[in-house]
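I opened this notebook to record what I looked up in one structure. The entries cover pockets, the nonpolar core and a few helices.

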Amino acid sequence: MTVSAHKYSEKSSFSKLSLLLCALLAVLFASCATQRGASEDARGGKGTAGYKPIGRDGSAQRRHYIATFAHAARRNRELYGIPAAITLGQGILESAGGTSYLAVNGNNHFGIKASGDWTGRTICKPGESVRYRRYGSVEQCFADHAKFLRRKRYEPLFRLKITDYKGWARKLKECGYATDPAYATKLIKVIETYNLQQFDR
């Protein structure tokens, strides 16, 4: 009876030791994965070395983006007549919630290229030769994006109500802003998912 109890005790201790070892290995693998993700960010991957998305769907990252830049988007509405919902929605959609390479390294949240009349700093994506505008701040980028939309090509946008985010999204596509045929649908979805239309009421 004593021997049997001793063997049971040894088995129990061994099981506990195995569970502990498995837990330690899981923590080690998770740590390695995090470090690998940070390395990819530093090389210009989809993430950002400064701020990592929280949650698999990136919703917390997007909410952080909205809280950070809603003021700048509202300022664009007041100065240039661009709906804040459109500015925030496009910024989220085109910069992956502020985590794209251009956003992190050049404060460029809209992928605006450095055309011939651009005299400021520029940036290239890793492995590409196309030059994009590099801004000193995100607010500067937002203002430049608003000026970009004030060009003659986008005049039809300003015949719409500032609260008509669906009309703005569809007209942006019609005016040739994006080549993605589903751009308007995606933009509307982002706006409605995060209730961005509230910023234009």
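The entries below follow the order in which I consulted the model, which is a predicted one.

**Entry 1. Largest pocket**

I began with the open space in the model. The largest pocket has a volume of about 510 Å³. I found 24 residues in its lining, and Phe110, Gly111, Ile112, Lys113 and Phe148 are the closest to the centre. I then asked which elements give two or more residues to this lining. They are helix H3 (84-95), helix H4 (101-106), strand S2 (131-133) and helix H5 (138-149). H5 provides the largest share, three residues. By class, I noted nine charged, eight nonpolar and seven polar residues in the lining.

**Entry 2. Second largest pocket**

I turned next to the second largest pocket, which holds about 230 Å³ of space. Its lining consists of Leu93, Glu94, Ser95, Ala96, Tyr177, Ala178, Thr179, Asp180, Tyr183 and Lys186. H3 and helix H7 (183-193) each supply at least two of these residues, and H3 gives the most, with three. I recorded the classes as five nonpolar, three charged and two polar.

**Entry 3. Nonpolar core**

Which members of the largest nonpolar core touch the most other members? I listed Leu88, Phe142, Leu172, Tyr177 and Leu196, out of 39 residues in that core. The elements that contribute two or more residues to this core are helix H2 (59-80), H3, H5, helix H6 (165-174) and H7. Tyr177 appears here and also in the lining of the second largest pocket.

**Entry 4. Helix H3**

I checked the geometry of H3 against expectation. At 1.5 Å a residue, its 12 residues should span 16 Å, and the end C-alpha atoms are 16 Å apart, so the model agrees with the expected value. Is H3 enclosed or open? I count it as largely enclosed by the rest of the structure, because 10 of its 12 residues are buried. The buried residues are Ala84, Ala85, Ile86, Thr87, Leu88, Gly89, Gln90, Gly91, Ile92 and Ser95. I found H2, H4, H5, H6 and H7 among the elements that cover them. Just after H3, Ala96 takes a positive phi of about 55°; Ala96 also lines the second largest pocket.

**Entry 5. Phe69 in H2**

I then located Phe69, which lies in helix H2. Its relative accessible area is 12%, below the 20% cut-off, and therefore I class Phe69 as buried. What does Phe69 touch, beyond residues up to four places away in sequence? I noted Leu88, His109, Val138, Glu139 and Phe142. Of these contacts, I looked up the separation for Leu88: Phe69 and Leu88 are 19 residues apart in sequence, and their C-alpha atoms are 7.5 Å apart in space. Leu88 and Phe142 are both among the core members listed in Entry 3.

**Entry 6. Helix H6 and Leu172**

Finally I examined H6, where Tyr165, Gly167, Trp168, Ala169 and Leu172 are buried. The cover over these residues includes H3, H5 and H7. For Leu172, I set aside neighbours within four places in sequence and found contacts with Ile86, Gln90, Leu149, Tyr154, Leu157, Tyr177 and Leu187. Ile86 and Gln90 are also among the buried residues of H3. Just after H6, I recorded a positive phi of about 90° at Gly176.

How values were computed: Residues numbered from 1 in each chain as written. Predicted model: local features only at pLDDT ≥ 70, side-chain atom pairs only at ≥ 80, totals over all residues. Heavy atoms only, no water. 1 Å grid on protein atoms, 1.4 Å probe; cavity = no way out; pocket = protein on both sides within 12 Å on 5 of 7 lines; lining within 4 Å. Points joined across faces, edges and corners; volume = space filled by probe spheres on them. Helix = DSSP H or I, 4+ residues; strand = E, 2+ residues; numbered from the N terminus. Nonpolar A, V, L, I, M, F, W, Y, C, P; charged D, E, K, R; others polar. Core = buried A, V, L, I, M, F, W, Y, C linked by side-chain atoms within 4.5 Å. Buried < 20%, exposed > 50% of the residue type's maximum accessible area, 1.4 Å probe, protein only. Contact = heavy atoms within 4.5 Å. Expected span 1.5 Å × (residues − 1).
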